[in-house]
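I sat down with this model today and kept a few notes as I went. Here they are, in case they help you find your way around.

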Amino acid sequence: MKKILISILSILALSAMCAFAASSEIEIGEPEVQMGKEAAAETAKTIKVVADEAVNKRVKTIGEKLAKVANETEIKAFYGTAEVVPFEYSFTVIEDKEVNAYSLPGGFIYVHTGLIDFVQSDDELAGVLAHEVTHAAHHHMVYLLKQQEKVSNVTTAAMLAAMLLGGGSDSTSNLILGMQLFQIAKVNGYGMNAERDADYAAIDYMIKAGYNPVGLLTFLERLAKDIEFVDYGIYRNHPIDAERVASAKRIITEKGIDINRRQTTKAICAEVKTEGGKSTVTLQGSAIYVTAAEDKANATAKVINELLDAKVKAHEIKLDGSGGVFAKGKTIANVTDEDAKLMGDTKANAAKNIQTAIKNVLFSQMLETMH
Ligand SMILES: [Zn+2]
């Protein structure tokens, strides 16, 4: 990070040192929006915006809910400044296979298609967007530049401010500035303390916007786990350390929120499909129970999911021999003669099939946790 800023400095020093009077005030609000606009204009020249309307709409819908919260609610900042300055947030999806997202000052937020493919739920996507919203809402770039100014005798921030407040008369310098800000935000992130602050505040923004903050946790966990094995491009430079994962987990727990990873990931889930007067419960894509009573099918799926969440053991799933399937004092299904007829089987066999299907899920999950 420092290296980049020093290199900005040297470029600026060469190109603009004599051109501007130093004014060391980069303030939050209009100047930072201007700074973001410059960088966004440069970014626009180098990116390919995704054409898929559904993808754009998904990101925009989630992003705008979070932006609304950020524009109305002050959340404590551990890095940067919490002061609320309403921004006109924009969310742009870029055609790029690298798993990445970044934000520029003033609320210009970018998400790669690689990240969209990586997330397993809207909650996970909301976690990423809330993190990026925080970088803008907590004015991380302004803070970073001010910090940089403190440690550097040569006033980097003053140079940048002079250019920004000077009204952009020198287009070459503005172009350099825009590109450099873009590089900082995209490649280097904002530094570890800023990353932690963005995780903390993201959890609050998510809760207030109606998303499950466990989505941020499962995203970080999977990224931390996979990053050693898969080349996720830009995230090589954003190590998701164990501490970041642990603190997200701690904060969510402190808020009294249940950590149920099944709800924010593509973990195996029993589902119900109703058509032609028949409701079918599926598990891992296979039909395991068919009944004319939709409420019975819904109850079966619900109980199966609860049992999977409760880490039911295979031997706990019991049959009564006449169509009943039970576990942990709950009824999974009670196969009736009519149900059995729909499935073309006996009651006892149909019940046994349900038991086997759940055992198969437990077995595959056990294999998954072994490597
Ligand atoms: Zn970040």
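The entries below cover a sheet, a helix pair and two loop residues.

**Ground rules.** I am working from a predicted model, where local features need pLDDT of at least 70, side-chain atom pairs count only at pLDDT 80 or more, and totals for chains, interfaces and linings use all residues. Residues are numbered from 1 along each chain as its sequence is written. My helices (H or I, at least four residues) and strands (E, at least two) are DSSP runs, numbered from the N terminus.

**The sheet.** I looked up the strand order first and found an open sheet of three strands, E4-E5-E6, with antiparallel pairing. Its edge strands are E4 (271-275) and E6 (286-291), each pairing on one side only. The twist averages 30° from one strand to the next. For pairing I used the rule that DSSP must find at least two bridges between two strands. Strand E5 (residues 278-283) and E6 share five bridges in the antiparallel sense. I picked out one pair there: Thr 280 has Val 290 in E6 as its bridge partner.

**Across the sheet.** Next I checked helix H12 (residues 294-309), which lies across E4, E5 and E6 and runs at about 10° to E5. Axes here are lines fitted to C-alpha atoms, for helices over the stretch in contact, and angles run from 0 to 180 degrees between N-to-C directions. Contact means C-beta atoms, placed from the backbone, within 7 Å.

**The helix pair.** The axes of H3 (residues 53-72) and H5 (residues 122-137) come within 9 Å and cross at roughly 40°. That makes H3 oblique to H5, since angles under 35 degrees count as roughly parallel, over 145 as roughly antiparallel, 65 to 115 as roughly perpendicular and the rest as oblique. From H3, the residues meeting H5 include Ile 62, Leu 66 and Ala 70; on the H5 side, Leu 125, Leu 129 and Val 133 are among them.

**Two loop residues.** Which residue in the loop between E5 and E6 caught my eye? I noted Gln 284 there, with a positive phi of about 50° although it is not a glycine. Gln 284 is exposed, with 12 other C-beta atoms within 10 Å. The cut-offs are 20 or more such atoms for buried, 12 or fewer for exposed, and partly exposed in between. Lys 328, in the loop between E8 (324-327) and E9 (330-334), also is not a glycine and has a positive phi of about 45°. Lys 328 counts as partly exposed, with 14 C-beta neighbours inside 10 Å.

Technical notes: Contact = placed C-beta atoms within 7 Å.
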